[in-house]
Every structure is written in C-alpha cells, then in structure tokens.
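User: I'd like a close look at one part of this model, the strands towards the end of the chain. Could you walk me through how they fit together?

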Amino acid sequence: MSKKYESLAETIVEKVGGIDNISAVRHCQTRLRFTLRDTKKADKEGIQSLDGVAQVVESGGMFQVVIGMHVAEVFEEVEKFIPNKEGKEEQSPNDGKKMSPVDYVIDFVSSVFQPIVPALSGAGMLKALMALLTVFHLVNSDSQTYYILNFFADATFAFLPILLAYTTAKRMKCNVILAMSVAGIMCHTNWASLVTAGEPVKFFGVIPFYLISYTSTVIPIILVVIIQSFVEKWLNKVIPKAVNLVFVPMFAFLIMGTLALSILGPVGDYVGEGLALVFDWLSTNASWAPAALIGGLFPIMVMFGIHHAVAPLGSMQMASLGFDSIFGPGCVCSNIAQGVAALVVGLRTKESKTRQLGLSTGVTALMGITEPVLYGLNLPKKYPLISAMIGGGLGGLYAGVTHTHRFATGSSGIPAVLLYIGDNTMSFFWNIIIALLITAVSTAVITFFLSLKFETVEKEESKTIETVEKVVIKNEEKNTVYVPINGEIIAMKDIPDETFSTGVLGFTMGIKPTNGIVLAPFTGKVVQVSDTGHAIGLENSDGLELLIHVGVDTVEMGGMGFEPKVKEGDEVSAGQELLIFDRKAIKDAGHPDVVVVIVLNADDYISTEIVTEGIVSTGAKMIQLKK
C-alpha cells in the first residue's frame, strides 16, 4: 500500500491520546471510529485542523474522525501504529472513566477471570477427552497414560491461584511477579506437607497459620493480591530508591506470606466455603433456577456485560465442588437457541444479505460464539431474540430440573456436550443432549411462526421495492446529477448528522426516501462500495466525484438490510440500479433513513446549483454544476 497517509495516521493516533488511550478503532465509509479510554486526552481541535481531516465528531460514545472517501487507506496506516503492545501494562477499557459500584465490580471480575478462560477451556476439553477414552475403553483409568493426562488437565486448577495472582495483579496495577510468587508460597509443596501432617503451625512460635490447602482455590489469592497492591505501594514509598529493588520484594514476601497464611487466606477460604454452601443449596433445592434463568436471560446479560460477573460463578463452583451447574448448562442452551433462531431466519428471509448473515452467524453461534448473531441479526430483528430467549429458558429449565452439570469448563457450543461426561456416568451427557434438543426444537418452532408475520412484511416491502419503475435517462446532460431515489428533498442543515449537515465533505443534499431503491444519478464508474453496503462512491468521465450514503450511522447495522447491486470497478449508466435497502430494518435499528448525496469535489466547479425541490422522482435533474 502507498505510504501517502502514513504521516496523517501517525498524527491522528498521537492526538487521540496515543496507543494506550485507544481501546478499539474501526472505520465506516467516511470516518475513523475510535473507542477511547479517556476522550479528554484527545486533542479534538488539533485533529480537526489536520490536512486530510474534514471534521471530528463525538457521538454515541465514539470519537469519530471524518476523513472522506480515502478513509480505508488511512485506517490501514492507523492499524500499523496500534499493534499488540508487549511489555506494557494492560489497562482496563474503563480506565479514566467514572464507574458505578456495580460497573466496577463487573469490570473487576471480568478483568480477573477473562484472561484465564483459554487455560480453563483447554483443561476442560482435555478432561472431556479423558472421559471419552475411558468410556470407549481406549485408555484404562489405572494406566500411566491416564495418570499423565490427568495431571496435564489438573495443572490449571492445581495452580489456579498463581494464574489468578497474575490477572488480579494486572488489574490492581501491582508487581505481577511478586504477586505470583506470593501465590507460589500458598501452593508450595512444603506448605501442603504441613497441612497434610495436621500438626499446629506457629510462625516464630506466635503467629498461628491455619492448616488450609489453597490449591484450586479462587477467593483467597484475589483477596491477598488486593491487599498486596496497597502494601506494595506503601513499601515503595517508605523504602529508599537505592535499596528499593532488594528490600521491597523481601518485605513483600514476609508481610504477604504471613498475612496470606494467617488471616487473608483463611478469610478467603471461609468466603469460598460459604459460596460452596450456596452452590450446594441451589443444586439441591433450586437446581432449576440458575440454568433456566441463564438460559433465558443470557443474551440480555451479554448486552449489559453482566455475564462477566456471572460466568466466574461456574469456575468457583467447579473449584469448590468439582462440577458446574450454575453457569454452563444455561449458557450452552442459550447459545444453541440463538444459533437455531438465526438459521431459521436465514432460511425464511427473502433478503439475500440477511440470509447470508443468518446462516453464517447461526453456525458460529452453534459453536459457542454469539456476539455476531446477537448484534448482527437477532437483536435488530427482535423476534428471533425473543424466540431464542424462550427456547433457551425451556432447555435450561430441563437441565436444571434434572440436576445436569458439567465436569470441566470449556466452550459453550455443541462441542461442550463432551464436558458433561464424568463421575463414572453418562446420564449428565444424555440430559444435556435432551436439554439442547428441547432448546433447538422450541426455538425453531417459535421463530418459524413469528417469521410468518415479520418476514412476510419484509417480503412485501421487498416486492414493492422491486416493482419500482426503472428509469432510462435519455440525452443525459454533462455535469448533471439526477435524482437517485424517490422522496422529498430536505435541506442540508436538516440532515440529522453534524458531518453531513455542515457540508464538511462537500456539497450535500438529503432525500427522505419513499422507497428503498437507489439508482445511478449519472453515467460513470463505481469507485467504492462500503463493506456494509450502505454507501456507494461514483465518478463520471469528467471527474465528478459523488458519494451516496444511505441512513445515518447505518454502519452499525453490519450490512443487514442493504443489498448492493454493483461492485467496485463496475461501469454504470444513469438510472441503473445501484442499491436496494430495507427502510424498516433501518428504522427498527433506530437510525434515520435519509439518503445523503454528496458532491465530494464541488470546489473543482465554478458553481453548484440545486435545480429541484420538494417531492422528487428518479430521473429528474437535481444538481447542475459548471466548470
């Protein structure tokens, strides 16, 4: 790629607060969209003054840098300046922002548990493999092979405090190596020997150490590292810098090792035992509740981020009781429900873009990854989300009533059924299969019947679009832009978006559409089609550059409801069909459906004149330019 935009990209990254202030960045047809940890660090005026930047807009939690037609090239250069930052302290996505107590707890739990999910999943799937090998008599449970595989899988849980020490120290911004070392003290084999011996232990003959094994525990090490973060800061403050490197670690080990084995560890263990009693009570007296609630409400939890606080309960129960009935069964039912709902929509819809989205994201959801299907299809359409919540709740209810639980953590898709083999029985495996069948069948039936209403509406609207009379523009005039869609002209200042209403991208007009078909406003070449299909760039033989942008912030729809009829590089004639879009889908997603027409290089012309107003039809003259 050309290095033309390298300097601009580097300056933009610097002026938004640097790579450490960027949580995420992507682009739409005209803008770089940054999610910043702290928007106050961004130099808005400085960015807006850059050559190549049309405007800066803050909207919907996004810091948007308006570039224009070359945004994709600028984005490619921006990406080069924000690689994975090795050796730098990670930050919470919410650093620099005020959070409510609930948000803080969710953020803390997520930061601590999310990074160790791969290790837990790997160990869980290895346990599932062992169960299969045993069930099919391929490996004897008394063999060395089984013994070795078992400690391969158990290592994650045996040294779970060390993993949690790492993630908690990262979150609390204290020394990670010291935190892991303190966890090592709690998991040391010599301490395990003292616990096994069962004889009273007193440090210096005075301080009692309680005989508790901390391997596979969760709460004790988290509590220890939280306190260590404050102790460590105090030590760094009071110990002279000249001897800081030696004495801070020494005193940290002495203080935290003593506190861990005498006070904090036992307190954390008591809390963990309390949680274990709660889990045990739920499993015995209300086993239906967690699975049914999570199975039905999990998509809502994901939307509000609550699932980050709920998921670790399964890991804690696993560490305490050896199985998880709190999170796993309901989660897998919910994910399967979302996948099935999307597949039904994909098979029922008459819109090719929606069909493709439904089938692809549906399969992904069946494998346990639901964000694409949730935000791309089920939530915008609503009815498949409702179907999935009902189906997931019903499947979760069966799993709960039958006390179904998994013996290892792992993915929450179809492969997760293997995690339910254990405890020398296949009953839990068959119960989760039945729960998923209940989920899939009920979700499919409900989605199908709801689609008879909602997809019919879309089908009728699509037919209306398809029957719009195609326009043949004869004797096309030079430097003329014809009306690309039926509707009503609205003034530039009335377009509900600051970038468009101020005309920073060029001479701009808006059309409130009465149908959903966009025709070519002149004969020329397609120079750009957005990945999400909501915008098309054109250029004619005389160099007139035009952008047709359907809706405001419709990039958020991920392409749902848009069906481009041309591709980049195509030659088109005036009046040729360019794009079909679903006005109802845009409105349901909460976006204005105004069609924005922008002459990007209006400055190359002596004059630009609007030649029509009010209600307009395709094929009429709209803009006349003179060179």
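Analyst: Here is a walk through strand 13 and what surrounds it, followed by a separate small sheet.

A quick word on the basis: this is a predicted model, where local features need pLDDT of at least 70 and side-chain atom pairs count only at pLDDT 80 or more, while totals for chains, interfaces and linings use all residues. Residues are numbered from 1 along each chain as its sequence is written, and side-chain values use heavy atoms, with hydrogens and water left out.

Let's start with strand 13, residues 545-550 (strands are DSSP runs of E, at least two residues, numbered from the N terminus). Of its 6 residues, 5 are buried, meaning under 20% relative accessible area with a 1.4 Å probe, protein chains only. Strand 13 pairs with strand 12 (residues 535-539) through 5 bridges, in the antiparallel sense; to count as a pair, two strands need at least two bridges found by DSSP. In that pairing, Glu539 sits opposite Glu545 of strand 13. The hairpin made by strand 12 and strand 13 has 5 residues between the strands, and Gly543 there takes a positive phi near 90°.

Strand 13 also pairs with strand 17 (residues 595-599), again antiparallel and over 5 bridges. Here Leu546 faces Val599 of strand 17. As a general point, strands of a sheet pair through backbone hydrogen bonds, either parallel or antiparallel.

Now bring in Val481, from strand 7 (residues 480-482). Val481 counts as buried because its relative accessible area is 0%. Setting aside residues up to four places away in sequence, Val481 touches Leu546, along with Pro521, Phe522, Leu544, Lys621, Met622, Ile623 and Leu625; a contact is heavy atoms within 4.5 Å. Val599, the residue opposite Leu546, is 118 residues from Val481 along the chain, yet their C-alpha atoms are separated by 9.2 Å.

The other sheet is an open one of 3 strands, in the order 10-16-14, with antiparallel pairing. Strand 10 (517-519) and strand 14 (562-564) are the edges: each has a single partner strand, so one side of each is left without a neighbour in the sheet. On average, neighbouring strands in this sheet are turned by 15° against each other, direction ignored; the axes are lines fitted to C-alpha atoms, and angles run from 0 to 180 degrees between N-to-C directions. Strand 14 is joined to strand 16 (residues 577-581) by 3 bridges, and Pro564 has Leu579 of strand 16 as its bridge partner.

How values were computed
Helices (H or I, at least four residues) and strands (E, at least two) are DSSP runs, numbered from the N terminus. Buried means under 20% relative accessible area, exposed over 50%, partly exposed in between (1.4 Å probe, protein chains only).
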